[in-house]
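Trainee: I would like to learn how to read a protein model step by step. Could you take me through one?

Mentor: Gladly; let us look at it together.

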Amino acid sequence: MHGAWGDPRSWLIAGIIAGGAVVLSLIAHRIVFWLAARLARRKDARLSHSFVQRAQRPALFIFPLMALVSALPAAPLPPDVRVVLQRVLGLGVIAAVGWTVVLLVELLSDVIYFRYAIDIADNLTARRIRTQTQVLNRVAVVAVILLTVAIMLMTFPSVRHIGISLLASAGLAGLVVGMAARSTLASLIAGIQIALTQPIRLDDALVVEGEWGWVEEIGMTYVVIRIWDWRRLVVPLTYFIEKPFANWTRTSSELMGTVMIYTDYSVRIEEVRQELRRLLDASNLWNGKVWSLQVTDATERTIQLRALMSAGDSSRLWDLRCYVREGLIRFIESKYPESLPRARESNSVSLKNGELASERSFSTSTPQRSGARP
């Protein structure tokens, strides 16, 4: 006897068909990605590795879904159940299409990332293109997700009518939503503006809020700055549109730095200049473009020597400055120790003079006391 859900044999046959379709799709998924991974390892292709890594999980949803869509017409199901399953599978197909579009956007971004590497000395163009790609990639992903959800909701007649009624009264609703999401919209617009005008880029050296570091990540609403001591400074995107900041690598990754040395007037400046050039020639941190040694200040006690040098990036410049500072101090200390600043010894000299003066006064007063004795 048939129940309210129809013939049990029909359900059994439909279950066998659906289960067989899912099992076959999972077997096909395993074979396809096994071959893809094997091919990627054989060719050592980064794009193939990226495809396998990004597409394997979405395919676990897409393969069985397509198998069920193909097997549904052959399943002997009641009309009401068939309509419900068609609606559910239709929503799954829309989600699968959106997921596929997101996957293609991610793969396109990977192609650009692989082509423009930033682990080179002159990486200004690569950082510019990578910054645009990262920001636009996230905007595109958010837009695809919103569009996919909207299409899925519009498949329901009741939701469609609600949407039409909301559009009819969109004046006040739009104002309320706009005020509530003002900060989010401002961050989104700031992200698009940064992607186009690029006041900052990935791996730029910045000074923000008194902290010096590199741009590590540009998100939808924030920027992560990796500070030199490995801390992370999270700054809203709108900060870089509304407030001033220092970008050391805006036009080029190459930088110039200085080292200040204070010496006595008796130092031989030309020999110190030659030692600076020798230190730079012996180091692979110097890019060979800029160097000089100048007397930039003179006081009643010391003179100030400024050593100027250039390097390929901020990290190399920091190490080069430390290396040159240590080398010049070591040179002056070994060759001209008398030319080092003597501010610390002035107190000891005055103290010795004072002790000497007191000894002299004591020696001169002693005979007077002894002479006064009877």
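**Reading the strands, helices and contacts**

Mentor: Let us begin with one pair of residues: Trp214 stands opposite Arg226 in E3. Please keep in mind that this is a predicted model.

Trainee: Which strands pair here, and over how many bridges?

Mentor: Strand E2, residues 211-218, pairs with strand E3, residues 222-227, in the antiparallel sense over 5 bridges. Glu217 has Val224 in E3 opposite it. The link from E2 to E3 is a hairpin through 3 residues.

Trainee: What should I know about side chains along a strand?

Mentor: The general idea is that side chains in a regular strand alternate between the two faces of the sheet.

Trainee: Where does the chain go after E3?

Mentor: E3 and E4 run antiparallel and are joined by 5 bridges. Two of the facing pairs are easy to find: Tyr222 stands opposite Pro236 in E4, and Ile225 has Leu233 in E4 as its bridge partner. The hairpin of E3 and E4 has 4 residues between the strands, and Trp230 takes a positive phi near 75 degrees there.

Trainee: In what order do the strands of this open sheet lie?

Mentor: Read across the sheet, the order is E4-E3-E2-E1-E5, which makes 5 strands with antiparallel pairing. At the edges are strand E4 (232-236) and strand E5 (246-247), each of which pairs on one side only.

Trainee: How many strands form the open sheet that contains E8, and in what order?

Mentor: That open sheet has 3 strands in the order E6-E8-E7, again with antiparallel pairing. Strand E6 (255-263) and strand E7 (286-298) each have a single partner strand, so one side of each is left without a neighbour in the sheet. From one strand to the next, the twist averages 20 degrees.

Trainee: How many bridges hold the pairing of E7 and E8?

Mentor: E7 and strand E8, residues 303-311, pair in the antiparallel sense over 8 bridges. One of the facing pairs is Ala298 with its bridge partner Ile303 in E8.

Trainee: Which helices lie across these strands?

Mentor: H9 lies across E7 and E8, at about 155 degrees to E7. H10 lies across E6, E7 and E8, and runs at about 20 degrees to E6.

Trainee: At roughly what angle do the axes of H9 and H10 cross?

Mentor: The axes of helix H9 (residues 269-281) and helix H10 (residues 314-335) come within 10 Å and cross at roughly 140 degrees. Only angles over 145 count as roughly antiparallel, and H9 and H10 are therefore oblique to each other. The crossing of H9 and H10 is right-handed.

Trainee: Which residues of H9 and H10 meet?

Mentor: From H9 come Glu271, Val272, Glu275, Leu276, Leu279 and Leu280; they meet Leu320, Tyr323, Val324, Gly327, Leu328, Phe331 and Ile332 in H10. By class, the residues in the contact of H9 with H10 are 10 nonpolar, 1 polar and 2 charged.

Trainee: How are H2 and H3 oriented to each other?

Mentor: The axes of H2 and helix H3 (residues 79-115) come within 10 Å and cross at roughly 175 degrees. H2 and H3 are therefore roughly antiparallel to each other. Their contact has 18 nonpolar, 3 polar and 4 charged residues.

Trainee: Is Ala71 buried or exposed?

Mentor: The cut-off for buried is under 20% relative accessible area. Ala71 has 12% relative accessibility, so Ala71 counts as buried. Ala71 is in helix H2, residues 46-71. Setting aside neighbours within four places in sequence, Ala71 is in contact with Ile17 and Ala21. Ala71 and Ile17 are 54 residues apart in sequence, yet 6.7 Å apart in space, C-alpha to C-alpha.

Trainee: And where is Ser25, and is Ser25 buried or exposed?

Mentor: Ser25 is in helix H1, residues 8-43. With a relative accessible area of 6%, Ser25 is buried. Beyond neighbours within four places in sequence, Ser25 is in contact with Phe63, Pro64 and Ala67.

Trainee: How many helices and strands does the protein have?

Mentor: The protein has 11 helices and 8 strands. Of its 374 residues, 32% count as buried. Among contacts with a separation of 6 or more, 65% are between residues 24 or more positions apart.

Conventions: Residues numbered from 1 in each chain as written. Predicted model: local features only at pLDDT ≥ 70, side-chain atom pairs only at ≥ 80, totals over all residues. Heavy atoms only, no water. Pairing = 2+ DSSP bridges. Buried < 20%, exposed > 50% of the residue type's maximum accessible area, 1.4 Å probe, protein only. Contact = heavy atoms within 4.5 Å. Axes fitted to C-alpha atoms, helices over the stretch in contact; angles between N-to-C directions. Parallel < 35°, antiparallel > 145°, perpendicular 65-115°, else oblique. Left-handed = near helix turned anticlockwise from the far one by under 90°. Nonpolar A, V, L, I, M, F, W, Y, C, P; charged D, E, K, R; others polar.
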